[in-house]
Amino acid sequence: MKEMRHVFEYPENVAGTWNTFFQNENPIVLEVGCGTGTYTLGLAQRFPEKNFIGIDIKGARMWHGVTQAQEQGLENAAFLRTQIEKINTYFAPEEISEIWVTFPDPQPKKSKMSKRLTSNRMLDLYTQFLKKDAIVHLKTDNEMLFDFSVEVAQERNYSIDILTKDLYQESFVDDVLSIKTVFETKFLAMGIPIKYLRYRI
Ligand SMILES: C[S@@+](CC[C@H](N)C(=O)[O-])C[C@H]1O[C@@H](n2cnc3c(N)ncnc32)[C@H](O)[C@@H]1O
């Protein structure tokens, strides 16, 4: 992956440079805990007028997305390999428009609560680089994590646009919400309803 132009492994001094990298001024959207980057790829295919960056610590998973992006010639998709705990060091204030949190590890222990990707600690990091009115999307199988995420968003007075505990029963499910990640496909096969939350920072 080191030789691929669209892959950044623990890079230095990249905050504020992403639009230069993409060679346009288009909005930039992140997928945190992207795994193989299904949303990064799916959104990049559907929205050529935006740029997408998938972030994960696991290089082997990311490799699948990276190779697909390359095969498909997706110039508006990139991958950043790092710990999300350091995410605020990679982006400048107001550099990012939107975040997708796709099937994050639920971290059920209370002692690990701050590791949840929708926790106050993580939101404090995200808000350092998000634009005003930025959108956060969460897709999860896990009810505890979903309820927790709703509570945190409400406590922070974020405006919740959509909240559903059974996405595929909703009439508003569209082509974008129907993109299915690797973990989502597994959970659906187990008959677990998919929960979806969308709010504005
Ligand atoms: C359950 S998987 C979901 C992967 C993918 N979004 C999907 O739905 O198929 C969670 C992913 O989040 C990544 N992850 C969890 N915590 C992370 C952290 N603190 N920093 C970077 N990646 C993290 C893991 O490496 C893993 O790939």
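**Exercise 1.** Which residue is the bridge partner of E31 in β3?

*Solution.* Keep in mind that we're working with a predicted model.
- Start with the strands: β2 covers residues 28–32, and β3 covers residues 51–56.
- The two run parallel and are joined by five bridges.
- Look up E31 among those pairs: its bridge partner in β3 is G54.
- Now trace the connection. From β2 the chain passes through helix α2 (residues 38–46) on its way to β3, a β-α-β crossover that is right-handed.
- Then check the other neighbour: β2 also pairs with β5 (residues 96–102), again in the parallel sense, over four bridges. There, E31 has W100 as its bridge partner.

**Exercise 2.** Work out why β2 is largely enclosed by the rest of the structure.

*Solution.*
- Recall the background: side chains in a regular strand alternate between the two faces of the sheet.
- Sort the residues of β2 by direction: I28, L30 and V32 point one way, while V29 and E31 point the other way.
- Apply the cut-off for buried, under 20% relative accessible area. Five of the five residues pass, so β2 is largely enclosed by the rest of the structure.

**Exercise 3.** Lay out the sheet and find its edges.

*Solution.*
- Write down the order: β1-β4-β3-β2-β5-β6-β8-β7, an open sheet of eight strands with mixed pairing.
- Read off the ends. β1 (7–9) and β7 (159–164) each have a single partner strand, so one side of each is left without a neighbour in the sheet.
- Add the geometry: from one strand to the next, the twist averages 15°.
- Zoom in on the β1 end, where β1 and β4 pair in the parallel sense over three bridges. F8 has L80 as its bridge partner in β4.

**Exercise 4.** Find the residues that touch the most other members of the largest nonpolar core.

*Solution.*
- Take the core's 38 residues and pick out the best connected: L30, I53, I87, F91 and Y126.
- Ask which helix gives the most to this core: α5 (residues 143–155), with six residues.
- Place that helix: α5 lies across β6, β7 and β8, and runs at about 15° to β8.
- Follow one hub outward. Skipping neighbours within four places in sequence, Y126 is in contact with V32, I84, I87, I99 and L117.
- Don't miss the other core, which lies apart from this one and has 25 residues, among them A77, F79, L167 and F187.

**Exercise 5.** Identify what covers the buried residues of α2.

*Solution.*
- List the buried residues: Y39, T40, L41, G42, L43 and A44.
- Then name their cover, which includes β2, β3, α3 (59–71), β4 (77–81), β5 and β6 (130–140).

Technical notes: Residues numbered from 1 in each chain as written. Predicted model: local features only at pLDDT ≥ 70, side-chain atom pairs only at ≥ 80, totals over all residues. Heavy atoms only, no water. Buried < 20%, exposed > 50% of the residue type's maximum accessible area, 1.4 Å probe, protein only. Pairing = 2+ DSSP bridges. Right-handed = clockwise from strand over helix to strand, strands pointing away. Core = buried A, V, L, I, M, F, W, Y, C linked by side-chain atoms within 4.5 Å. Contact = heavy atoms within 4.5 Å. Axes fitted to C-alpha atoms, helices over the stretch in contact; angles between N-to-C directions.
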